[in-house]
Amino acid sequence: MRKTIANYLLERLRGGRELFLISGDLGFHNFDEIRREFPTNFINIGVAEQLMVSVATGMALWGKEIYCYSILPFISFRDYEQIRMACYNKAPIRLIGTGVGYDYDLSGATHHGLEDAQAMTAIPGLVVLSPCDRKETRLLMERIEEINEPVFIRTSRSCEDMLYDESAYGQLEVGKAAHIRKGSDILIVTTGIVTKIALEVAEMLKSSVGRSCDVLNMHTLKPFDMETVGGLAKGKKLVVTIEENNGWLEKLVSTACNATGVHVLAFKLPDEYVEVVGKRDWMLEKAGLTTKSICDRINRTL
Amino acid sequence: MDSLQMISDELRGKIIGIHREHKLPHTGSDLSCLDIMVALYFKVMKDDDYFILSKGHAAHAFYAVMHRKGLIRDDVYSDAFKDGSLLAEHVTYPKNYVKTGSLGHGLPIGFGIALAKKLDNEGGNVYVLLSDGEVGEGSTMEAMMQAQRFGLGNLIAIVDYNGWQAYDRTLVSIKDLHEISKSMNWDVGYIKEGNNPDAVAEALESAGRNGGSKPIMLLSETILGKGLPNEGTLETHYDPPK
C-alpha cells in the first residue's frame, strides 16, 4: 500500500502538482524515485516524529499540500499531541502509517498497530482511513484531495491488489461503508487487509452450510458509517466483526447495532503486547483470526 | 504617537485589572513577555512577518496587544474570560493565528511556516515567543536541532527568560541555553533589558536584518510579573493580583 501511495505521489509530482512528503527517516526503497527526481519535495526530517507533524502543520497552514510517513505506532502515538494540535488548528495534513496489527510481525510489539484505531478516531476533526487493498488505497488517495481536513491513513505491507468487484470501487466514498458482498443471514463488518479473510469466511459459510453473508468493508473508521451498519444488521441472525486491532471495530459496530438486538460476535487481536512473535499468519492463527477458525466459531454460535 | 513604553504601561494596567476582576492565573507570564510583543507589534514587525505565541498561557498579553492594534474587536476583548468568550486563557484567537496552550509546539510549527515561506521565496520572518521552561520540551529541542539544516534564517525564536517555570526556578540556565543554541548552529543574541520595549525593539530589528542562513535565538532577560508589587516571585505565575 505504501508503494501504491509512493507511486501515486510520484505521478502527481510528475504531473506538476506541488506537494511535499516528509518522512521520519523511514521508507527506504519506497520513496527512492521521489527523492531522486524531486529532492525539494522529499524531506527527511530525521528520527523526530513530533517535529515531522508540527513542521507539516506549519507548512499546511501556509497552504502547502503535505504528506507524512512513518511506521504506524510512531506516527500515531509518538506524536499524538502534535496531531491533536494540527486538528485543533485545522491544518489539513495527511499522515500515512504502515503496519496495521501484526504487519511488522517479527519486529515485536513496539512496531505492532494494535490500538491505533481507537486512539486516532478519538481525535476530533481527524478523518481516519483504513483501506483493504492497493486499489482502494489509490482511490482513497484520490478522494482525499477534495477534503480540506487532516487525514490519517493506516496501511499494511502485506496486501493484495484487488479484493472485491471492480464495479464496487467506482462507488467508493469517504465516510460511506463499502457493501462488497450481498447476503441475508449474517452481516460481516471488517476493515483493512483482513477484509480478505472476511470475504473468504462469507464464501466458506455459503459453500459449506449454505449461509449467506453481507460483507461491509469499513475503509473509513472516522466518520464511521453507523447508519449503513445498523441498517444492514436489522433482521440478521448474527453480526460478525473481523479486525486486526484489539477491538475498536467491535465497539463501533456494537454501538451501531445496539437498537437491533442482534448479537455481535467479534474476531480481533488479544488486548496485550505480545511477548512471543512469529510470522504474521502464525500470529493471526494464534489470535483465532483464520478463515476456518472464524467459520467454526460462527457455526457453533448459530 | 505613543511611545512603546506608554503602550506597555497602558496594557500592563489593563491586564492587571482584568486579572484581578476575573481572578485569573498567569499574570506573571503575561507581564514578563508583554514588552517583547509590544516591541514586535508596534515597531518591529512588517506585513509579511508572522508571529506565534508558543507560551500560550501568556495569551492575555497577546490579546491586549492585538486589541490595541485593532486586530481584536472591542466587544470581543471586553467579553474576554466571561461565559461565551472567544478568548481563552491560552491562545485561541484571532483565527489566522496558531492556537497554542500546550508547550513545545510553537517553535516546530513556526519551523514549518518558515520553511514554507522559504520554499516560496517569500520575504518576512517568523517570530516565535517561547517561555524559558518550555525549552525543556523535547519537541522544542527537535526543532532547535534541525532548523539550521534548512537554512531557516527567517526563523527568529525569542525566549522570555524570566528565570521561573511553573513550580521552580528555570531548570536550564541562560548560559547553558546560549551554549545549547550555539552548538545547534543558531545565531544567539542576548537582550539584557527584556522589559524595556525600546531596547527589545532595537535588538529584534538588528537581528531581523541579519540576512544570514542561520536561525536566530534571542534570549531576553525579563522579570516575572513585571510591574506587580510582588514582581519576580513565583506567586505571580498563578496567584491573581491582589
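**Entry 1: the β6–β7 pair in chain B**

I started with β6(B) and strand β7 (residues 216-221) of chain B, and I found five bridges joining these two parallel strands. A reminder to myself: this is a predicted model. I then picked out B:Gly189 and looked for its bridge partner in β7(B), which turned out to be B:Leu218.

**Entry 2: the whole sheet**

Next I wanted to know where this pair sits. In what order do the five strands of the open sheet in chain B run? I read the order as β1-β2-β3-β7-β6, with parallel pairing. The edges are β1 (50-53) and β6 (187-191) of chain B, each of which pairs on one side only. From one strand to the next, I noted an average twist of 20 degrees.

**Entry 3: a helix across the sheet**

Staying with chain B, I looked up what helix α2 (residues 27-44) lies across. My list for α2 of chain B has β1, β2 (126-131), β3 (155-161) and β7. Against β2(B), the helix runs at about 165 degrees.

**Entry 4: where chain A meets chain B**

I turned to the contact between the chains. Chain A puts in 19 residues and chain B puts in 17 residues. Which elements of chain A each supply at least two residues to the side that touches chain B? I wrote down α3 (49-61) and α5 (80-88) of chain A. Of the elements on this side, α3(A) gives the most, with nine residues. I also sorted the chain A side by class, and got 10 nonpolar, seven polar and two charged residues.

**Entry 5: the two domains of chain A**

Last, I went inside chain A. The domain assignment splits out domain 1 (2-155) and domain 2 (167-301). How far apart do the C-alpha centres of these two domains of chain A lie? I have 26 Å in my notes. Their contact draws 28 residues from domain 1 of chain A and 27 residues from domain 2 of chain A.

I then followed the domain 1 side of this contact. The elements giving two or more residues to the side that touches domain 2 are α6 (116-121), β5 (127-129) and α7 (134-143) of chain A. The largest share comes from α7(A), with five residues. By class, I counted this side of domain 1 of chain A as 16 nonpolar, five polar and seven charged residues.

Methods:
Residues numbered from 1 in each chain as written. Chains lettered and ligands numbered in written order. Predicted model: local features only at pLDDT ≥ 70, side-chain atom pairs only at ≥ 80, totals over all residues. Contact = placed C-beta atoms within 7 Å. Helix = DSSP H or I, 4+ residues; strand = E, 2+ residues; numbered from the N terminus. Nonpolar A, V, L, I, M, F, W, Y, C, P; charged D, E, K, R; others polar. Pairing = 2+ DSSP bridges. Axes fitted to C-alpha atoms, helices over the stretch in contact; angles between N-to-C directions. Domains from an automatic or database assignment.
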